[in-house]
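Visitor: I would like to go through this model with you, starting from its surface and ending with a pair of packed helices. Could you show me the sequence and the structure before I put my questions?

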Number of protein chains: 2
Amino acid sequence: MIITPKNPNETNREYAFRVISDNIISLDIVPGSMIGEQEVASELGLSRTPVHEALLELSKSKIVDILPQKGCLVSMIDPDLIREARFLRITVETALVEDSCELAKETDLQDLEENLQLQEFYLQKDPLKLLTLDNDFHKIIYRICNKMQCHYMVSLMSMHFDRVRSLSLHSVKDLKIVSDHRAIFEAIKKKDPAAARAAFQKHMARFELDWNIISSEYKQYISDSNK
Amino acid sequence: MIITPKNPNETNREYAFRVISDNIISLDIVPGSMIGEQEVASELGLSRTPVHEALLELSKSKIVDILPQKGCLVSMIDPDLIREARFLRITVETALVEDSCELAKETDLQDLEENLQLQEFYLQKDPLKLLTLDNDFHKIIYRICNKMQCHYMVSLMSMHFDRVRSLSLHSVKDLKIVSDHRAIFEAIKKKDPAAARAAFQKHMARFELDWNIISSEYKQYISDSNK
DNA sequence: GCGTCGGCACTTGTATGGAAGTTAAAAATC
DNA sequence: GATTTTTAACTTCCATACAAGTGCCGACGC
């Protein structure tokens, strides 16, 4: 597991949650492996309590599965849950990009544009940074519509999705996400809901295509019941 | 706080979560009041740990607000969060009722019909039972579409909404929800997505109208920043 | 050799005490 | 009397200890 330093203003529980999440999404903790509270606590220099609470939260999105008196299983890649995460994101964010056309203020458009600039800068340089910027882009949309609580709920489930996306980041295709984002941005700027909707759905459709590649290439990580 | 007996196969944490949730939704714990872990733990005959973990989970949906070293504040009724909950439910479930037209099997239709029978039976008899059946009806839709994880996420946020709905249950208008449900059911049965969508949106639109009544009548429970 | 039982090593769930921080009232000072 | 400082009583957060359940592994009977 990759340990990052503790942010001074986060609690031990939040620290544990962040580190474990990052390691699961980056696949540094491999799907299907067991992790113990004590083991994680020792690595992070904490007691079991905050780690226990962090795992509890992760288990709510089924990204880990707590088996009482047995251990904590990092979930295998589960196509059903990925479909749910995709469904939720597409459904919610399609509605949001439409609403954004009305709601986006000038400063909001600036925030989106700044994010896009950075995306174009880091394109093909730093895939991990690009992933972060991608998430930020979508998050700004939620902020424009004043739906941050929805963002939290959706992002929890998206972990299933993010884990697969990081697998496919090496694929050249995914670099098209940046131009997708620009198309979405332009539509919002022009206050054209139909165009925004179309651009967003085109964006999300890419991940449908990738599924076949991923499932054949990373078979060992995929839940047995769905092969 | 109203204490219900502990279900034998639930953990202490799940027990605490259930009892606290129920009391918040039913307004037996009034919005804006502070509750302490120790206080709740004593009432339930538990230690602070499972109560702490239950409150932690509730704080994720902002239904309570944990103020470190101060206490746990049961959130005031917050129109913004209710709007988010409504938005999420409407957006997600509109998509689901459409999909249900394709996906619903014969047994699923039977489940829906049985639920409707019970709704009609308890109509004007037991408002609380009706609320449960209403939630069950929507839950069946999620199950038909194999989106139970989405259901969990949406239902967490819906607590804000449910709390207001219980206020308006005495209003005669709400008894129309049963006929709304039947209309949705009939549309799914006829595999008519457009009709299902229309019926569902009509259903959810009722709660928009109720808002004015509620906000004027229960002013004391509403968050100051939104009056 | 095979099946069963018992105990040990391990896990998570929970209880409890102390640490750190906030609040508000009491006490001291002006 | 008004204002500032201290202090005491509260809270959650976290560390630690114990309780309870699971599975493995060897011993034993057949």
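Visitor: What percentage of the area that chain A exposes is supplied by carbon and sulfur atoms?

Guide: Please keep in mind that this is a predicted model. Chain A exposes about 10700 Å², and the share of that area supplied by carbon and sulfur atoms is 54%.

Visitor: Which radius of gyration does chain A have, set against that of a compact globule?

Guide: The C-alpha trace spans about 55 × 40 × 30 Å along its principal axes, and buried residues make up 51% of the 227 residues in chain A. For a compact globule with 227 residues one would expect a radius of gyration near 17 Å, which agrees with the value for chain A, 18 Å.

Visitor: In which pattern do the helices and strands of chain A follow one another along the sequence?

Guide: The secondary structure of chain A comprises nine helices and three strands. Read along the sequence, these elements give the pattern α-β-α-α-β-β-α-α-α-α-α-α.

Visitor: How are H4(A) and H8(A) oriented to each other: roughly parallel, roughly perpendicular or oblique?

Guide: Helix H4 (residues 79-103) of chain A packs against helix H8 (residues 177-189) of chain A with the axes 8 Å apart and at an angle of about 40 degrees. Angles under 35 degrees would count as roughly parallel and those from 65 to 115 as roughly perpendicular, and H4(A) and H8(A) are therefore oblique.

Visitor: Which residues of H8(A) make the contact with H4(A)?

Guide: By class, this contact has five nonpolar, one polar and no charged residues. H4(A) contributes A:Val97, A:Ser100 and A:Cys101, while the residues from H8(A) are A:Ile184, A:Ala187 and A:Ile188.

Terms used
Residues numbered from 1 in each chain as written. Chains lettered and ligands numbered in written order. Predicted model: local features only at pLDDT ≥ 70, side-chain atom pairs only at ≥ 80, totals over all residues. Heavy atoms only, no water. Axes fitted to C-alpha atoms, helices over the stretch in contact; angles between N-to-C directions. Helix = DSSP H or I, 4+ residues; strand = E, 2+ residues; numbered from the N terminus. Parallel < 35°, antiparallel > 145°, perpendicular 65-115°, else oblique. Contact = heavy atoms within 4.5 Å. Nonpolar A, V, L, I, M, F, W, Y, C, P; charged D, E, K, R; others polar. Rg over C-alpha atoms; globule rule 2.2 N^0.38 Å. Buried < 20%, exposed > 50% of the residue type's maximum accessible area, 1.4 Å probe, protein only. Areas by Shrake-Rupley, 256 points an atom, 1.4 Å probe, with all protein chains shown as cover.
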